[in-house]
Amino acid sequence: MRVAVAGGTGTVGRHVVRAAQDAGHETVVLARSSGVDLSSGDGVEQALAGVDAVVDVSNITALRRAPAQEFFTTATTHLMAAGSRAGVQHHVVLSIVGVDRVPLGYYQAKRYQERLALVGPVPASVLRATQFYELAAQLPDRVPGPVAVVPRMRSRPVAAREVAVALVALLEREPVGLGPEMAGPEEHDMADLVRRVVQARGQRRRVVGVRAPGAAGRTMASGGLLPTADGPRGQVTFEQWLSTEHPGPG
């Protein structure tokens, strides 16, 4: 198939492109660097010409609902409209396990994106996945100084490359609507994983896990991000991922 990957230069997108190519598909990267702007719609129509399936792993860093929902709404609307005109047969969206349970602004925006995709003009599938191991490496970089404060959350994190393989497997099937929940092989507290990343980097920083305020923080800390249904499970453990991605100083 000819597969377009929205957000194909990002953390998950790069793995999706590679996984799709490994499976024998031709790929088209939808990103600003390739002349495609999902927010304005510039270049989307041309990029989807001859495309059979779209995998949307595009993202925005804003955690507040308003800017996140605006991005996901405009991006999904542009992809769906152009995809329908181009004859796209399958639209696959990456979402988050617990998006319907954790009252966080960003999660509410992702839930809205799910709804848009599922009622859109192109048959769709949604894969919900838990947090990526890569998040444990990104969180301390967002907090400068000797102390890294990270939110407490119970999760079964998973390697982004395994999520990418699952997305490609999903796009090769008939559209399933709201599909399975993907998770990693082990349950962890995110603060513990961040500490191990910091240690592997040889950094002398203190990592403090703090429960986020309000209902969202309580839900994340008490297991609201854990899968509640069967689905694909990653095989790569955090230790295996860490030894590959962050082998340590020197």
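In the predicted model, a nonpolar surface patch of about 270 Å² is made by L118, V119 and L178. Of these residues, L178 belongs to strand β8, which spans residues 177-182, and because its relative accessibility is 42%, L178 counts as partly exposed.

Beneath the surface, the largest nonpolar core comprises 55 residues, of which L30, L48, M190, V194, F238 and W241 touch the most other members. The surroundings of one of these residues, M190, can be listed in detail: when residues up to four places away in sequence are not counted, M190 touches Q131, L135, A136, L139, P151 and M153. Apart from this core lies another, of 25 residues, whose members include V55, V92, A164 and M182.

The aromatic side chains form six pairs in total. In one of them, the ring centres of Y133 and W241 are 5.8 Å apart and the ring planes stand at 45°, so the pair is classed as tilted. Since Y133 lies in helix α5 (residues 133-138) and W241 in helix α9 (residues 238-245), this pair ties together parts of the chain that are 108 residues apart in sequence. Both partners fall under the 20% cut-off for burial: Y133 counts as buried because its relative accessibility is 1%, and W241, with a relative accessible area of 1%, is buried as well. W241 is also among the residues that touch the most other members of the 55-residue core. Elsewhere, ring pairs link F71, F72, Y106 and Y107 into a cluster.

Salt bridges in the model number 12. One of them joins R128 to E114, with the closest N and O atoms 2.8 Å apart; because R128 lies in strand β5 (residues 124-129) and E114 in helix α4 (residues 105-118), the pair ties together parts that are 14 residues apart in sequence. Both R128 and E114 are buried. These two residues also take part in a network of salt bridges, in which D100, R101, R111, E114 and R128 are linked.

A further salt bridge is formed between R154 and E187, whose closest N and O atoms are 2.7 Å apart. This pair links distant parts of the chain, given that R154 is placed in strand β7 (residues 154-155) and E187 in the loop between β8 and β9 (188-189), with the two positions 33 residues apart in sequence numbering. With a relative accessibility of 30%, R154 counts as partly exposed, and E187, at 41%, likewise counts as partly exposed.

Within a single helix, R195 forms a salt bridge with D192, and the closest N and O atoms of this pair are 2.7 Å apart. Because R195 and D192 are three residues apart in helix α7 (residues 190-200), the two are separated by about one helical turn. R195 is partly exposed, with a relative accessible area of 36%, and D192 counts as partly exposed at 37% relative accessibility.

Two further positions were examined for their surroundings. H15 is found in helix α1, which covers residues 13-22, and because its relative accessibility is 14%, H15 counts as buried. When neighbours within four places in sequence are left aside, H15 is in contact with E134, A160, R161 and A164; of these, A164 is among the members of the 25-residue core.

V147, by contrast, is found in strand β6 (residues 147-151) and counts as partly exposed, because its relative accessibility is 34%. Leaving aside neighbours within four places in sequence, V147 is in contact with R205, R206 and V208. The C-alpha atoms of V147 and V158 are 26 Å apart in space, although these residues are 11 residues apart in sequence.

Terms used
Residues numbered from 1 in each chain as written. Predicted model: local features only at pLDDT ≥ 70, side-chain atom pairs only at ≥ 80, totals over all residues. Heavy atoms only, no water. Patch = residues over 30% accessible without salt bridge, like charges linked within 9 Å, V, L, I, M, F, W, Y side chains within 5 Å. Areas by Shrake-Rupley, 256 points an atom, 1.4 Å probe, with all protein chains shown as cover. Salt bridge = Lys/Arg side-chain N within 4 Å of Asp/Glu carboxyl O. Helix = DSSP H or I, 4+ residues; strand = E, 2+ residues; numbered from the N terminus. Buried < 20%, exposed > 50% of the residue type's maximum accessible area, 1.4 Å probe, protein only. Core = buried A, V, L, I, M, F, W, Y, C linked by side-chain atoms within 4.5 Å. Contact = heavy atoms within 4.5 Å. Phe/Tyr/Trp six-rings, centres within 6.5 Å; stacked < 30°, edge-to-face > 60°.
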